[in-house]
Amino acid sequence: ALDQVYLNRMFDNARINGIHNGRRPVYFRAGMTIDADGSPRARQIDPTGQLNTSLRHQDGRSVNAETVPYFVLPGGQYKHLGIKLGDMAAVRYNGKVACAVFADVGPRHKLGEGSMALAQQLGINHNPRNGGVGGGVEYMVFPGSGNGTPGDHQRNHFAGARVLQNASGDVQRQRPTRRYV
């Protein structure tokens, strides 16, 4: 598996010089509120939880916040940047980098939201009622990097690491594996 030192170096290189599909990645810093949407238990574990996510599997199922690392972007605030549902991002907090898929659209005024699974990978309290962090989370979204589907944890890790590696310009050094970090 790709180690965190290597993922952090790729993240820094991509943030400074990154290009993917002829576009610069969209980088921002924010906090992270925890999203339970898509979980079959969403309404039980989160007072504002919803059973549905904006991105769906081909069979109509929503993306489960408890098992798939995903991020949320504010409605109306991303299309002009070329970002579409299913695109990939690298998300970093306290030296941990995780790959995530854009799976849900949130309120126009709310930036910095991730699934329970994403928070857990980053070492953030993933409880939707009292978890999350107020700042220090870096998001790097790669417009045009997805295939319009939610994928799964393993596919998203591999695809996200590959996109991050390509954008960092470090494509020859080490190839991403299909293992979890």
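These exercises work through the cores, a helix pair and two buried residues of a predicted model.

**Exercise 1. Map the largest nonpolar core.**
Task: State how many residues the largest nonpolar core has, and which of them have the most contacts inside it.

Solution:
- Step 1. The largest nonpolar core has 25 residues.
- Step 2. Met32, Phe71, Val91, Leu118, Leu122 and Ile124 have the most contacts inside this core.
- Step 3. Now turn to the elements. At least two core residues each come from strands E1 (26-35), E2 (70-74), E3 (88-93), E4 (96-106) and E6 (133-142), and from helix H3 (116-122).
- Step 4. E1 gives the largest share, five residues.

**Exercise 2. Follow one core residue, then find the second core.**
Task: List what Phe71 touches, leaving out residues up to four places away in sequence.

Solution:
- Step 1. Phe71 touches Asp87, Met88 and Ala89, among others.
- Step 2. The list also includes Ala100, Val101, Phe102, Ala103 and Asp104.
- Step 3. Glu113, Gly114, Leu118 and Val141 complete it.
- Step 4. A second core of 12 residues is separate; Tyr6, Leu7, Val97 and Leu164 are among its members.

**Exercise 3. Describe the packing of H1 on H4.**
Task: Classify the crossing of helix H1 (residues 4-17) and H4, and name the residues that make the contact.

Solution:
- Step 1. The two axes come within 8 Å and cross at roughly 55 degrees.
- Step 2. Angles under 35 degrees count as roughly parallel, and 65 to 115 as roughly perpendicular. H1 is therefore oblique to H4.
- Step 3. The crossing of H1 past H4 is left-handed.
- Step 4. H1 contributes Tyr6, Leu7, Met10, Phe11, Asn13, Ala14 and Asn17 to the contact. From H4 come Ala161, Leu164, Gln165, Ala167 and Ser168.

**Exercise 4. Place Gln165.**
Task: Is Gln165 buried or exposed? Which side chain does Gln165 join in a polar contact?

Solution:
- Step 1. Gln165 lies in helix H4 (residues 153-168).
- Step 2. Its relative accessibility is 3%. Buried means under 20%, so Gln165 counts as buried.
- Step 3. The side chains of Gln165 and Tyr6 are joined by a polar contact of 2.9 Å.

**Exercise 5. Place Gly112.**
Task: Where is Gly112, and which residues is Gly112 in contact with beyond four places in sequence?

Solution:
- Step 1. Gly112 sits in the loop between E4 and strand E5 (113-115).
- Step 2. Gly112 has a relative accessible area of 2% and is buried.
- Step 3. Neighbours within four places aside, Gly112 is in contact with Ala30, Gly31, Met32, Thr33 and Tyr139.
- Step 4. Tyr6 is 106 residues away along the chain, and the C-alpha atoms of Gly112 and Tyr6 are separated by 24 Å.

Key: Residues numbered from 1 in each chain as written. Predicted model: local features only at pLDDT ≥ 70, side-chain atom pairs only at ≥ 80, totals over all residues. Heavy atoms only, no water. Core = buried A, V, L, I, M, F, W, Y, C linked by side-chain atoms within 4.5 Å. Buried < 20%, exposed > 50% of the residue type's maximum accessible area, 1.4 Å probe, protein only. Helix = DSSP H or I, 4+ residues; strand = E, 2+ residues; numbered from the N terminus. Contact = heavy atoms within 4.5 Å. Polar contact = N/O pair within 3.5 Å; in protein donor to acceptor, adjacent residues only side chain to side chain. Axes fitted to C-alpha atoms, helices over the stretch in contact; angles between N-to-C directions. Parallel < 35°, antiparallel > 145°, perpendicular 65-115°, else oblique. Left-handed = near helix turned anticlockwise from the far one by under 90°.
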